[in-house]
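Subject: Structure for your review

Dear colleague,

Please find below the structure that I am handing over to you, with its sequence. My findings follow directly after it.

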Amino acid sequence: IGIGVMIGPLDTSVNIAFPHIIADLNQPMTMIQWLVTCYVLTYASLILIFGKLGDLYGQHKIFCIGLVISIFALLLISVTNSFNTLLFFRFLQGIGTGLLTSVAPAMMISLYPEKNRAYAVGLFTLFFAIGGLLGPIIGGILIDLFDWRAVFWFRIPIAISSLILLFLIPE
């Protein structure tokens, strides 16, 4: 769960890539706002709805769907050459992140007995913080070694790993 949760905060790596994305896709600098708005507004506005879906249909299922959508979106973003399709795929990525973020804390808490729930919340927060901290560092390294697309595709193996590991925990 912790590995999967990091997919969202690792998006801070994209901040480092903004100038490269805009230059590569021949867009004015003012278009950066749409890369952020499209993603953040999508996941932030859907968290409550997805949380309710997790209550109705199972948090494990919603989390797995979020990982699959995130993998799909990150892959598509990594191969796009159009700003408009990039925005649409960022919207899809926002849906995936919203699904993950909406149920992850409850999933983490449910794995521990009541007396250890504070530990579970702390563990969730730790993974979230590590993702946010490592994002810009990893982003800078990947852009130096590859190009802006690397800040998206490097999260695909992380999401796949989380998906595989999720089958080891109880629903």
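Asp 24 is partly exposed, with a relative accessible area of 40%. The model is predicted, and the values in this message were computed from it.

Asp 24 forms a salt bridge with Arg 149, and the closest N and O atoms of the two lie 3.2 Å apart. This pair links distant parts of the chain: Asp 24 belongs to helix 2, whereas Arg 149 sits in the loop between helix 6 (117-145) and helix 7, 125 residues apart. Is Arg 149 buried or exposed? Its relative accessibility is 11%, so Arg 149 counts as buried, because buried means under 20%.

Arg 149 also meets the side chain of Asp 147 in a salt bridge, at 3.4 Å from N to O. Asp 147 is partly exposed, with a relative accessible area of 32%.

The structure holds four salt bridges. Another of them joins the side chains of Arg 90 and Asp 11, with 3.0 Å from N to O. Arg 90 lies in helix 5 and Asp 11 in the loop between helix 1 and helix 2, so this pair ties together parts that are 79 residues apart in sequence. Arg 90 is buried, with a relative accessible area of 2%. Asp 11 is buried as well, at 8%.

Which residue is linked with Asp 11 and Arg 90 in a network of salt bridges? It is Arg 155, and this residue leads on to helix 8, which spans residues 155-166.

Helix 8 has 12 residues. From its first C-alpha to its last, helix 8 reaches 16 Å, close to the 16 Å expected at 1.5 Å a residue. The buried residues of helix 8 are Arg 155, Ile 156, Ala 159, Ser 162, Leu 163 and Leu 166. Why are these residues on the same side of helix 8? They cover an arc of only 125 degrees around the axis, which puts them on that same side.

What do the buried residues of helix 8 pack against? Their partners are helix 1 (2-5), helix 2 (13-24), helix 4 (59-79), helix 5 (83-110) and helix 7 (150-153). Two of these partners appeared above: helix 2 holds Asp 24, and helix 5 holds Arg 90.

When you open the model, I suggest beginning with Asp 24 and Arg 149, and then turning to the network of Asp 11, Arg 90 and Arg 155.

Yours sincerely,
A colleague

Note on methods. Residues are numbered from 1 along each chain as its sequence is written. This is a predicted model: local features need pLDDT of at least 70, side-chain atom pairs count only at pLDDT 80 or more; totals for chains, interfaces and linings use all residues. Side-chain values use heavy atoms; hydrogens and water are left out. Helices (H or I, at least four residues) and strands (E, at least two) are DSSP runs, numbered from the N terminus. The expected span of a helix is 1.5 Å times one less than its number of residues. Buried means under 20% relative accessible area, exposed over 50%, partly exposed in between (1.4 Å probe, protein chains only). The arc is that of the directions from the helix axis to the C-beta atoms. Contact means heavy atoms within 4.5 Å.
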